[in-house]
Structure formats: structure tokens, C-alpha cells
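Dear colleague,

I am passing on the structure we spoke about, together with some notes on what I found in it. Please look at the sequence and the model first, and then read on.

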Amino acid sequence: MTPPPPEILAALRAWPDRWRFPGLLPLLSGDAGEPAAGELVEAVLEGYTDPVADPEESVRRLLCQGDHRAAREAAPAGGPGALRLVEEHVEAERVRLDRRIGRLLRRSRKARIASERVPFAPEEVLAPGRGAADAALRDWEARIAEQEELLRERLRARAEERFAGGGPQNEELLEAARSCLEGGEFDAAERLIGLPPGTHSYEWPDYVRPWRWNGLLQSRPVPEALAMYREGALVPTGFVGQWWPETDTGRELVEALRGAQEAPSGEAVRALALAWDAHLGADAPSGRAVQEVGEGWRTELLGAAEERFPWLPLPRPLPLWVGPPGWRPPRGAPGIRLVLEEAPPGAEEESPGPVPVDARRLLCSAAPGGPGTAVFQRVNLLREICRRLSPAQVTGADSPYVAAGERPPTLAVRNELAWWFDLLGVGVDPGVLDTLLDEADEHPVALRAAVDFLVREARAGTGRLRIEDVERWREDPGALLACHERVLGAERLTGEAALVLRALLLFGEALDGLIGPAEVSAAFEYADAAEPFAQSTPEQLLARMERFGVLRRADGSPGAYRWASPRLTGLLASVGEEHLRRAVAEGVRRTLERRERTVAALRPRLADMYEEIWRHNEKSRQAGQDRPPIGKDEYREARIGRIGRGERSRLDLPLFLGRCRNGLGFSLPAEVRVDRLEVEEPEAGAWVWANEDMLRVAVDALLDNAVQAVRAAGGGRVRMALRRIRYPGHDAPSGVDVHIEDSGGGLDEERIRLFNDHGWEEIWNDDSGLSGRGVAIGKAGVLFNDGNVQYFPRSEELGGARVRLRFPLARELPGEDQRAV
């Protein structure tokens, strides 16, 4: 084709109105080489036929075509709106490309390709447009598929050699290995091939074939099906060889089923439960409690628990309900109901309550030819139960690994995910598990939210999941919101930590670096919300988020964190800024209201606690034990009254703490010394809003703890220090810390956890011997005055315990008539 003259091309590329011809811009961008003259003419004629009057419309058309470079050329004519449109679209394409790269990296690792690096620069292939990125991905995927096929053939040959002995068991294992290889689960196939001869494994769903289903029994009511197992019954040819039980436990189960169906009674139900447990491999005692419930009975099944599924939240032991036709257990009762009716009801006829299990399925479970192991029977019974349950009833709320403070191994997470789908009766195409693990970054709560959505979609559709279904979940606003709320509503995160996490997600664009208390303050400032001071400090909340798996500690920066995974962060932030801003404002409101309710309930309690501590100390002094008083007799009644009224005013904190220290002097043991208060920048002043009497009770109680700890250690020092909190980038201090340290014996980890992770009321009422009433009253009094308390195991200088009280500063300077001291 004839190329146009160079001067024509130069003139077209300099033409300011070229954005009016969306078909022309891709030709001028130069990605496909020099255009032919005919192509240019055709693009210009097309532009005249279908003119574009708005530059933004031209940009949208080019973006729909996937031509990013041409869209960038057209965008300046449309102003800031068009430029923003291009950047938003390219950013969305970058996220999609990153997700596809993640999936291919997982496939590459599974195919055991030596180099796990991406074979192209993502930014370079994305700059021209979607087509270049797709071409690079297709080329890389083709190379991975080639390696997968080589590995598949190699493992297939090993499997056929390993299971060449024949026999039902080897045939089943060979079929399981082939299923794993077809699904791209090469590690699962290799582990199966490596099993010693004569052994089974139940690690992967494909290893456990399902119960066979007898079509002959399916068409008959339960009584007729049971009658076929009588000696001498007329049965079709081949029935005995294929379906008659060959084990003692199988035959006893059939007899017990027939007894419960023909003559239902408490004894028949007990015999059925014992026979069923024996079939499931449970070493159950002969006695079994049976409770009569109306016309039916309730007992328990011990053998249904499977240790391979610790996350499965079914009751253990599993309640078993049996009754005559037409009888139903109480609505909402847990467990399973054995269906012995003339015709088993359909799922739509079931009311909420125990899961129905068809007795004919138990007859099939006793058929010969299976592995004959108890685990095989248990897994298939759980399949039968779980396929009538919701995803949340199967997956549980959280992973047992994470609940124990550990990050589960990737293999364990993949196995859990595969079993969830299997037990819930949903098939998965190759690559679905890896795609889902990549999208949720293996976070256990995010995965459970995704499974809940995907299983419901699959059950309403074909019953099978494809990679496209996972991508649809990732782009569905309702599903993303449900995932966000489920993750941030997790019990381990707590309400305050979830509030801080939402603020950080809202502030996320500026958090590519370190995350610490300063960033928490800046995030609330960005959200136009007050930073709520409650029982937990920012440091404690950040540490909790680390244990939850959304943050990780930054190397070389004590107390600083980074996002654990940009992918998980992006998933949680995908609900949008508007939702996050509303959620932060609502969370702050609820936190403040909750604190106000706590404070209102605390006023009378704190007065009672003060009275109790005072009486205890009086008795101690009368018994000859020198203890510092927490209030003189003449002030006690007035102080209790003022505490009960909860009156607060501005308080000069250094002067107040000095008076607390001086109040100890006349009753201190000779071997204990309390240093003078250390104040950072004493000329700056430090004013807080507080109820002086209540705060005096709290500080006196904490000082008393320190003095007694030093005395128990044979003598030493107690020190108080006041320091202002200044975060980087903030000129004015945002709060003040008061440190009380001693040279006593310190605190062990169990006490630290109790004092930091529990509220004052739990510590006050604790009967483990770890609690201190002084800790409870100190924590309660500080909380009332908008502060929080944190304990540390050791004081770096004195070697004993260290407690930090943190308060927000009063913003206004007080007048002389407003001083409370």
C-alpha cells in the first residue's frame, strides 16, 4: 500500500482538531508502523460521516477501543475532565493487568518454571493500549501452558506406573491422580503418587470419591428400599453383588435403619445411632442418651466429626433427630434429621432446622467396592449435610490458624478453599482456586466473603464456577461492600481497630510509606473526623491490625507498619471514598456515644470502688501495714460526691501530678523513694479536661501499685514523667503522656495481656489472681477523663513495670478563674 508523503503525516499529527476523528488518531500514534494513504483517507471520511463534537466523547471512544496512547493525544483538547478520564481508565486497566499477572505467576509456580519473573514490563505494554497488554499476556500464557503439558505428561506416566497393579483401590487412586492433573493441581497429584502402597489420603477432594447412587433405590420410597435388603427378597439381577453390604458395620447399619423405620422407639433410635457411629469408625460407648421430643427422639452422632475440617462449625457431637412420618424437630434446632418417610420431601418443603439426610443415601454408603475406611464414610456424610447448608454454615467465621495468631501456610489455605467448594457441592474450573486466592490475597475472612457470594451464584446457575465468575465478584459493588463489611466486622478486629482501618483506607493514597500513630491522626484529619480517644491506643490498634493480617511491621522502624498486601488493601478500599468517609463519621459517632454510655455507668461504680479501696487501706493501716492513703478522712465524703456528679474542668496536669506525688510523702516506707515529677518543656504548660477527684483516685491507685511493687522487691525508686506527643508534620502537640515507672519485679506477659486487652470491669472482677484492684480503678478513672492506659513489661531505666497514661490536650488556654487546682 502506498504510504502518504511525510509532510502530509506531519501536518495531520500537528492538526489541532484531529481529536474529531477517533479513527485517525490510532493511525497517527505510530504503534502499528506508518499508515497507508488509503487508511488515512478512510479514517477522515469516517470522521466526516460520524462527526464527534465533544473531545471527551472522542476520548471515551478511543478508550473503549483500548487505545491509550491515542486517547492521551486527544485528551488535552477536552481539558482536565478528559485527562482525568484517561488516567482513571488506565489505572483500572493497570489493576486488571496486575490481577492477570498474579494469576499467571501462580500458574508459573505450579508448573515449576524456574523463573517466576514477569517476562515483560507492565507499564510498557500498557502504555500503547489494551491490545499490546493482551498480546504479551497471551504469549506468556502459551509458554506456561506448554510447560504445564510437559509436567502433566510426566506425572501422568508416573501415576500409571505407580498404580499399575490393578484392583479397585489402585483404579480409584489413578482416577483421582488424573482428575488432579486435568485440573492443574500438580502438587496434589504428586503427593497422591507418592503415597505408600495400601494407604489412602483425604487431603484433597479429588482423593475421596463420592458415594455411588443407586438409581433403583432412588425411584422407591424408603420402606420399599429397605425391604430389598431382607434375606430372600426378590431383587433385580446383580443387586446383591453391587449393593449388598460386605462389612459387618454395613449390615448392622441396614438392620438398624429397618428397625427404626418399621418400629420407631427410643431403643430403636439408640441402636441406629450406635450402628451409624460404628460405620463411621467412632469408638462409641454402648450407652447413648435418647430424649423423647413429641412423637420423635433426639440423640447424638459421635462419628460425624472430621479432624481434617477444624473450621467446620457443625455441633460436636452432632444432634440426630429421628421420628415417624410427618413429625418434624423443633424449628431452628441444630443437627441432622434422618428421613424415613414414605417419600422423602424436597428441599423446598423443608423448614429451617436440622438438615434432612435421606436414609437411602445411607444404604448406598454401605455398598461394597469403596475404600472401606471410616474417613471415606465421614467425608461423604459431611458432603451430604453441607450441600443443604449456607456457605457461612460450612466455612465458619474465621480460620483456626489466624485465631491462634498464625498466618496459615498457602497449601493449607488452598486445601481449605477446595474443600469448601466440594462440601458445598460446587464444581470449580481449573484456575479458579488460584484466581480467588490471588484476589483475596489468601486472607481468611475475605475468602469466606467471596465464597459466600460465589456459592450462592453457582447454586442459582450451573453449579460450577469459572474464572469469569471470580472476576464478576471482584467487580460487583454489592459483593465488594459485603466483603468489606465482613472483613472489618470480624470479631478479632474490634470496633475501634476497624474504625482506624477505615480511616487509613480513606487516607490510603498518601500511605505508600510507613504507617504509625502520626498517620492515624492524619487519616482522621483527612476524614474531617475527631480522633476518638478510648480504651485502646493507636499503637495497640495498629498491632491488632497486624495480627489480623492487614498490616506488617516495617523493617528497621520500631512501631511502624506497612500494608501487608496492596491487593488486599485495594479490595477493601474498592467500596469507594464516599462510603469510607460515611463509615468513618458513623464509627466516630458510635465510639463517642459508647464512651459516653460507659462513662455514665462508670460514675457511681468508681465512687463505690473508691470507697472499697479506702476501706481496704484503712483496715491495712489499722493492722499495722503502712500503705499510702488514697484520701484523708475529711475529704473522703466530698470527693465521693463530686465523683458521682462527674463534674469536669480544665486541669493543670503537671501541678496536679506534683500534688499526687507529694501526697505520698508522709506515709511512704523508708525503703521507697518517689522521684520529683519530670516535665518536658515545663514552660509550655499542659492542660487537660478532667474530673480532678476521679483522676486523683486513679493516679493514687497506680502510684500505690508502684510503691507496693518496689517495697516487695526490697526497696527502690518510683518515677513519674510527663511528655508531649508530637507527630511528624504536626507543629502543635496533640496529646500528653504520663509515665509511671518503678524498680520492682515488673510484669509477666500474662498480666500485660490482661491489663491491656481487657476493660477495667473485667480486671476488677477477675478471679485468676492476676488482677489488681489498683489497675482496674486506675484504668477506669483515666478512661472517664478521655484518656487510655497501656502497660509495658519493663522500664528501660528502672527495670520494673511501666504504665503510660495518654490524654488529649485541652485546646483552649484557661483563664485564671477556670483553673481547677
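Below I go from the chain as a whole to one sheet, one helix, the salt bridges and a single aspartate.

Please keep in mind throughout that this is a predicted model. The secondary structure of the chain comes to 35 helices and 17 strands, and 51% of the 821 residues count as buried. If one takes the contacts between residues at least 6 apart in sequence, 67% of them join residues that are at least 24 apart.

The sheet

Five strands make up an open sheet with mixed pairing, and their order is S1-S2-S3-S4-S5. The edges are taken by strand S1 (291-293) and by S5, each of which has a single partner strand, so that one side of each is left without a neighbour in the sheet. From one strand to the next the twist averages 35°. Helix H17 (residues 374-386) packs on this sheet, where it touches S2, S3, S4 and S5, and its direction makes about 125° with that of S5.

As a reminder, the strands of a sheet pair through backbone hydrogen bonds, either parallel or antiparallel. At the S1 edge, S1 pairs with strand S2 (residues 296-301) in the antiparallel sense over three bridges, and Gln291 has Arg298 in S2 as its bridge partner. Strand S3 (residues 318-322) runs parallel to S4, with two bridges between them, and here the bridge partner of Trp321 is Arg337 in S4. S4 is also paired in the parallel sense with strand S5 (residues 355-358), over four bridges, and in this pairing Val339 stands opposite Asp358 in S5.

Strand S4 (residues 336-339) is covered on both faces, since Ile336 and Leu338 on one side and Arg337 and Val339 on the other are all buried. Arg337 is thus a buried residue as well as the bridge partner of Trp321.

Helix H23

Which residues of helix H23 (residues 467-475) are buried? They are Asp469, Val470, Trp473 and Arg474. These residues cover an arc of only 145° around the axis, which puts them on the same side of H23. The elements that cover them include helix H6 (79-110), helix H21 (432-439), helix H22 (444-460), strand S7 (464-465), helix H24 (477-488) and helix H28 (566-573). Several of these names return in the next part.

Salt bridges

The count for the model comes to 54 salt bridges, and I describe a few of them here. The side chains of Glu439 and Arg103 meet in a salt bridge, at 3.7 Å from N to O. Because Glu439 lies in helix H21 and Arg103 in helix H6, this pair ties together parts that are 336 residues apart in sequence. Glu439 counts as buried at 1% relative accessibility, and Arg103 counts as buried at 12%.

A second salt bridge joins Glu485 and Arg502, whose closest N and O atoms are 3.0 Å apart. Glu485 belongs to helix H24 and Arg502 to helix H25 (residues 495-506), so the parts tied together are 17 residues apart in sequence. In this pair Glu485 counts as partly exposed, at 34% relative accessibility, whereas Arg502 is buried, with a relative accessible area of 12%.

There is also a network of salt bridges that links Asp98, Arg106, Asp438, Glu442 and Arg567.

Toward the later part of the numbering, Glu741 forms a salt bridge with Arg719, and the closest N and O atoms are 2.7 Å apart. Since Glu741 lies in strand S15 (residues 735-742) and Arg719 in strand S14 (residues 716-725), this pair ties together parts that are 22 residues apart in sequence. Glu741 and Arg719 are both buried.

Asp675

Arg719 also appears in the surroundings of Asp675, which touches Arg661, Arg717, Val718 and Arg719 when residues up to four places away in sequence are not counted. Where does Asp675 sit in the chain? Asp675 is found in the loop between strand S11 (672-674) and strand S12 (678-679). Is Asp675 buried or exposed? Its relative accessibility is 13%, and because the cut-off for buried is under 20%, Asp675 counts as buried. The side chain of Asp675 is joined to that of Arg717 by a polar contact of 2.6 Å.

With best regards

Definitions and conventions
Residues numbered from 1 in each chain as written. Predicted model: local features only at pLDDT ≥ 70, side-chain atom pairs only at ≥ 80, totals over all residues. Heavy atoms only, no water. Buried < 20%, exposed > 50% of the residue type's maximum accessible area, 1.4 Å probe, protein only. Polar contact = N/O pair within 3.5 Å; in protein donor to acceptor, adjacent residues only side chain to side chain. Contact = heavy atoms within 4.5 Å. Arc of directions from axis to C-beta. Pairing = 2+ DSSP bridges. Axes fitted to C-alpha atoms, helices over the stretch in contact; angles between N-to-C directions. Salt bridge = Lys/Arg side-chain N within 4 Å of Asp/Glu carboxyl O.
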